[in-house]
There are 2 protein chains.
Amino acid sequence: MVLDTWYSNVKRSDDLFNSLTDDQLQIEIAPGKNRVIYVLANLAAVHDKIMPFLELGDQMYPQLYEDFVNKPDKAVAEVPPANELRAYWKNIHTVLAKHFESMQADDWFQKHTSVTIEDFSKEPHRNKLNIIISRTNHLSYHLGQLVIAE
Amino acid sequence: MVLDTWYSNVKRSDDLFNSLTDDQLQIEIAPGKNRVIYVLANLAAVHDKIMPFLELGDQMYPQLYEDFVNKPDKAVAEVPPANELRAYWKNIHTVLAKHFESMQADDWFQKHTSVTIEDFSKEPHRNKLNIIISRTNHLSYHLGQLVIAE
C-alpha cells in the first residue's frame, strides 16, 4: 500500500515535469516563492538520499543535496541544466525501483540508518517503510505546489 | 506509523489555520487559485467522509462535501462563516481520533465501504488503513499549497 502510493505520486510528478518545458521550469510557483526547477532538484536530492537511509548504496548525486536541500532557492549560482536534472530524476527512480523490487517484506521493518540501535529498540516505527511514508508525503506536499505553477 | 503521519499532518494544518485570521482565510493561495477557506472546507469535508468509509458513523456535515468537494471554489454562494468552519474542522478531528483510538490493529486491514467484497478479495490493499494513507497524502498536498498563502 505504501509503495503503491509512492509509485503513483512519482508517476504524477513525472507526468507533471514532462508536461513543462525547460523554460517553464524556471518560473516561480508563486511570486517570490521557489522556482519549479528548485523543487525538481530538491525532490531529486531527497529521493537520492533514500538510498543510504535504506542501505541501498550511496547517493548518486550528493552535490544536489548540498545545493538544493541544505540551501534555499537562488542560493546556488550554478543550477544544473534542465536536461541534466531531468536525467538525474529519472535515473534515481529507476535505481530505487530496482532496489525496492528486491526487498522482502521483513526488510521494510528493519531500522533505517539515521536511527541508532538503542533508539530503534524504543521506537520500532523508525523503520525503512516509514522513510517511504515520510518521503511520499513530502512529495505530495510539493506536488500540491507544482500544480499551482502549471 | 500511518496514524502518526496522519496526526502530525493534522497538527500542522491546525497550527496553520490557527495562525491565519478570518480575513486571511478569504485570500487566494495564488492569483486565480482556490481561496484558503475553500481548502479548509474541502479538507474538513474529505475528513468527515472518512467516517462512513471506515464504518465509524455518518458524515456529520454532508452539505460540506456537496459544496466543497463536488463543486469548485466560488461555485457556492453561501460559504459558512469562518468560525463555523473552524468548529467543524476541530470537531471532525476530535471525533475521528476517538474512533481511531478504539480500533484494533486488525480492523485497519478490513475492507473500507466503497469497495465490494468481491473486489476486496482480489485487491486486499483496499482496506481502511489505505484510506488514511490516501487522505494523509491529500492533506500534505494541500498543506504544501497553504504555506504558499501564508
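Q: What is the area buried between chain A and chain B?
A: In this predicted model, the two chains bury about 1900 Å² between them, and carbon and sulfur atoms give 66% of that area.

Q: Which residues of chain A lose the most area to chain B?
A: They are A:Met1, A:Tyr141 and A:Ile148, which together account for 35% of what the chain A side buries.

Q: And how many residues take part in the contact?
A: Chain A contributes 25 residues and chain B contributes 25 residues.

Q: How many salt bridges are there across the interface?
A: The rule finds zero salt bridges between chain A and chain B. There are, however, four residue pairs in polar contact between these chains.

Q: Which helices of chain A supply at least two residues each to that side?
A: Helix 1 (2-19) and helix 8 (128-149) do so. The largest share, 12 residues, comes from helix 8 of chain A.

Q: What is that side like by class?
A: The side of chain A that touches chain B has 11 nonpolar, 10 polar and four charged residues.

Q: New topic: how many aromatic pairs are there over all chains?
A: A search of the whole structure finds 10. One of them is the stacked pair of A:Tyr61 and A:Tyr88, with 4.1 Å centre to centre and 25 degrees between the planes.

Q: Where do those two sit in the chain?
A: A:Tyr61 lies in the loop between helix 4 (50-53) and helix 5 (62-68) of chain A, while A:Tyr88 belongs to helix 6 (residues 82-102), 27 residues apart.

Q: Are they buried or exposed?
A: Both A:Tyr61 and A:Tyr88 are buried.

Q: Which residues do ring pairs link into a cluster?
A: A:Trp6, A:Phe100 and A:Trp108 are linked in this way.

Methods. Residues are numbered from 1 along each chain as its sequence is written. Chains are lettered from A and ligands numbered from 1 in the order in which they are written. This is a predicted model: local features need pLDDT of at least 70, side-chain atom pairs count only at pLDDT 80 or more; totals for chains, interfaces and linings use all residues. Side-chain values use heavy atoms; hydrogens and water are left out. Contact means heavy atoms within 4.5 Å. Buried area is the accessible area (1.4 Å probe) that two parts lose on being put together, summed over both. A salt bridge is a side-chain nitrogen of Lys or Arg within 4 Å of a carboxyl oxygen of Asp or Glu. A polar contact is a pair of N or O atoms within 3.5 Å; within protein, one must be able to donate a hydrogen and the other to accept it, and residues adjacent in sequence count only if both atoms are side-chain atoms. Helices (H or I, at least four residues) and strands (E, at least two) are DSSP runs, numbered from the N terminus. Ala, Val, Leu, Ile, Met, Phe, Trp, Tyr, Cys and Pro count as nonpolar, Asp, Glu, Lys and Arg as charged, and the others, Gly among them, as polar. Rings of Phe, Tyr and Trp (its six-membered ring) pair if their centres lie within 6.5 Å; planes under 30 degrees apart count as stacked, over 60 as edge-to-face and the rest as tilted. Buried means under 20% relative accessible area, exposed over 50%, partly exposed in between (1.4 Å probe, protein chains only).
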